[in-house]
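Work through the exercises below with the sequence and the structure in view. Each task is followed by a solution in steps.

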Amino acid sequence: MTTSPLLDATGVAKNYGAVAALRNASLSVLPGEVHALMGANGAGKSTLVKILTGAISANAGRILIRGEARDIRSPAAARRAGLLPVYQEPSLIPDLDVLSNLRLTGTPVEPFRAWVRELGIADLDLRDSARDIPLAVLRVLDLARALAVEPDVLLLDEMTAALPANLAEKVLEVVRRQGDAGRAVIFISHRFVEIAALCDRATVLRDGETVGVVDIVPGVEEEIVELMLGTRIEKAKVAARSVSEKAASAPARPRITVKNLRVGIKLSDVSFDLADGEVAGVVALEGQGQDELFAALAGSIRPSGGTIEVDGQAVKFSHPIDAIRSGIAYVPGDRSEALAMQRSVRENIALPFSAALRNWGPIHMRKERATVQSAIQRLQIDTRAQGEVQRLSGGNQQKVTIARWIAADARTILCFDPTRGIDVGTKQEIYKLLRELAGHGKSVLFYTSELEEVQRVCDRVIVIFGGRLVDIFRVEEADESALMRAAYGLPRGAKADIGILADPQSPSSGTTP
Amino acid sequence: MSTSAITPVPLGRRLKRFMADRPLVPLIILLVILVVILQILRPGIVNERWIANTIKFAIPLAILAGCQTMTMLTGGIDLSVGTVATMSAFIMATQIVSQDPAVAFLLAMMPAVLIGLVNGIGVGVFRVHPLIMTLGTSLIGTGCLQVYQRTVIASGAKIPDFLAWLGTGVTYGFPNALLLFVPLAALIVFTLARTGFGRLLYAVGDNERATRLSGVQYWQVITALYVTSSMLAGITGLLYIGLIKAPSLSLAEPLVLPSVAAAVIGGTSIFGGRGGYTGTIIGALILTVLTTLLTILQMPEGARRILFGLIVLFVTAAYLRIVEER
């Protein structure tokens, strides 16, 4: 190409302590193009975006804008350089009306109005406070606000998520035309259909490195999936796994049956069952409704439709205690959500014991010590700093959250991304533990953001995409790239054609070109 | 370098570590220092009688500070304790004239239970901030008491002999109030350390979400807590009227803020999750001795208050620096 890039970032690296979030990322965007930025969870997409928009600063690397080296130290600097992001979370201040929000960022009002109309919202009152505006419209307003200042490079993070089909279509149309007008758009999305319809090229990140830049042509999906996965060595499955194989394959009455479960707009029509003695893996990209699924099963939120049956009995959970009484325990992904950080390991493990009113009396200390001790040993928690949980390492903290339910002998454990941000050794221990639990007839529902874990731990795989259950299959039937394709809503091999989002003609994708 | 491993830890660091592990030690040291200062300023003042007197006055404060300790552990506060104590004291003193002591006692405890229940439901179910909730019920209680006062104005008031004995009496050099306080304090300490309810108070204050995920129903804990707190305040009122012997509509009101201060000085965090009752008891003793100290300095009232406030702030800040690591 003869045209010089609008934005050219090379060798960008960012370390958080010993962890490298980005090693060697590069991204080059030409004028007039819509450029997709892709990568699996944790590949470093959001870190790169934050660096480009000045939210954090890089440890190394060079960023050229229109051929000039720029040091983007703050969001304001990025703005001056012509780089404007639209993030996933709405950025208008809820307590101010739209007009005041515009004034706050010095956005010209008339162009904003024009863009809002262009984007398909006819009746916006600028005097409405942002709080009263629905989420989907807020996202469109964010986009209009960015467009109104005519940035050279527009950064859109999952722009079409949470948008109804008609708005999404308008948004994609406008984004397309941005490219035609000689400006550039960086488009972050998990949806291949959109990317195929919209983008010219894609940069693929893996483990903090740019591993490829591809032109978007029909059939490029496979190449992108391969790039995202890399050439990974087929890893041996955990040894304990084969032990429970038989127990899992025995036809058992389902422990939990979920039918047509619906939670607001985030999750709809999800049905599956979970048997005793199995680990079922949930495969989903971030924010596809898995959070809501787990919360509904744990009794944290009330589903808006559908039924949950435990051991054949329909149940309604209005508080986590109801789920716990049915033997369902929830281990959240965020450890700070599950632990009383200033209390001891022992008190944290024993916490569910005191929950019920009848257990508010004197604690049988010796019995409690024995129960807690056996759970600690089972999980091999390092108890040198047991006085306060906050002094433990992340891995040990995670073990405490699981140990609590081992001690309480829960029959079903819902594990939401339990290995996030913990060391490899502890991860292995957790895999082994989950297999052991299944071997002892417990059932585990396991969501993980790392696909390789699915193959190590799970018996069956449940794929959720866009709030819908798109596929269920036994883990042997899919390798990692098939899982990755499934997670992105692409058909799993030739034999599967059930994934509705794999069909570009489907109305729910809302992106029919 | 391997030699750095055997370098002895500096004395200051070691002392700090020692105190951080035993948070009561610096408090006791402070208490002793205050008593010594008092003895230097007024040689001979510290005797058996003075000690009994100090303890007598520290006990009501310590019980109310116990209410604050328990509510503060959950991240709350109970500002209605003063009103509740006053109400139970006032009702006791007026009802004893015409009623059987047991009936008078039950009548006196009724507003305590009621206010505690309203506080608990307001904070636990409707999620009103405890500061506002208890301040509100406190004002309502004071108003009701004023109305009540008009209806009993003719009947007069007296202090039951038993309460006077309990409040002011001394047996073999020990204040009789200890008969009430020692079991009560033991019960609070035991509850906080060794019962499910106590565990939940700490856990709820530390991370409410985590307790919810563990099956704890917040409103139950909070309601039980505020009812307990209010009942303790009611009992304090009965003890206090035996000590002061002059029923008034603002009897225990001056104790409210010192009760918060005693809990804070004693190492309980107002943000919840950490603290304990033993520290609070010493905190109450420190405040009582401090008050005596400032009284004998014969300063004007204004200066005395300023000094009191400054010392409380200084002690709290210093204590947190000593006890907290990093």
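**Exercise 1.** How many bridges join β16(A) to strand β17 of chain A, and do the two run parallel or antiparallel?

Solution. The model is a predicted one. Start with strand β17, residues 412-416 of chain A. Four bridges join β17 to β16(A), and the two strands run parallel. To locate one of the pairs, take Ile328(A): its bridge partner in β17(A) is Thr412(A).

**Exercise 2.** Place these strands in their sheet: what is the strand order, and which strands lie at the edges?

Solution. Step one is the order: six strands of chain A form an open sheet, β16-β17-β18-β13-β19-β20, with mixed pairing. Step two is the edges: β16 (328-331) and β20 (468-474) of chain A each pair on one side only. Step three is the twist, which averages 20 degrees from one strand to the next. Last comes a helix: α16 of chain A, residues 424-439, packs on the sheet and touches β13 (279-283), β17 and β18 (443-447) of chain A. The direction of α16 makes about 150 degrees with that of β18(A).

**Exercise 3.** Describe the second sheet, which has the order β12-β11-β14-β15 in chain A.

Solution. This sheet is open, with four strands and antiparallel pairing. Its edge strands are β12 (267-275) and β15 (313-315) of chain A. Here the twist averages 20 degrees from one strand to the next. Within the sheet, five bridges join β11 (residues 254-263) to β14 (residues 305-310) of chain A. One pair to find is Thr257(A) with its bridge partner in β14(A), Glu309(A).

**Exercise 4.** Which residues have the most contacts inside the largest nonpolar core?

Solution. The core has 244 residues, and those with the most contacts inside it are Val283(A), Leu414(A), Leu434(A) and Phe446(A). Domain 1 (7-229) and domain 2 (240-509) of chain A each supply at least three residues to this core. Now follow Phe446(A): leaving aside neighbours within four places in sequence, its contacts include Val282(A), Cys415(A), Leu434(A) and Val457(A).

**Exercise 5.** Why does the distance between the end C-alpha atoms of helix α11 of chain B agree with its number of residues?

Solution. Helix α11 of chain B covers residues 218-244, which is 27 residues. At 1.5 Å a residue it should span 39 Å. The end C-alpha atoms are 38 Å apart, so the two values agree. As to its surroundings, α11(B) is mostly covered, with 20 of its 27 residues buried. Just after α11(B), Lys245(B) takes a positive phi of about 65 degrees.

Methods. Residues are numbered from 1 along each chain as its sequence is written. Chains are lettered from A and ligands numbered from 1 in the order in which they are written. This is a predicted model: local features need pLDDT of at least 70, side-chain atom pairs count only at pLDDT 80 or more; totals for chains, interfaces and linings use all residues. A nonpolar core is a set of buried Ala, Val, Leu, Ile, Met, Phe, Trp, Tyr and Cys residues joined through C-beta atoms within 7 Å. A residue is buried if 20 or more other C-beta atoms lie within 10 Å of its own, exposed if 12 or fewer, and partly exposed in between; C-beta atoms are placed from the backbone. Domain bounds come from an automatic or database domain assignment. Two residues are in contact if their C-beta atoms, placed from the backbone, lie within 7 Å. Two strands pair if DSSP finds at least two bridges between them. Axes are lines fitted to C-alpha atoms, for helices over the stretch in contact, and angles run from 0 to 180 degrees between N-to-C directions. The expected span of a helix is 1.5 Å times one less than its number of residues.
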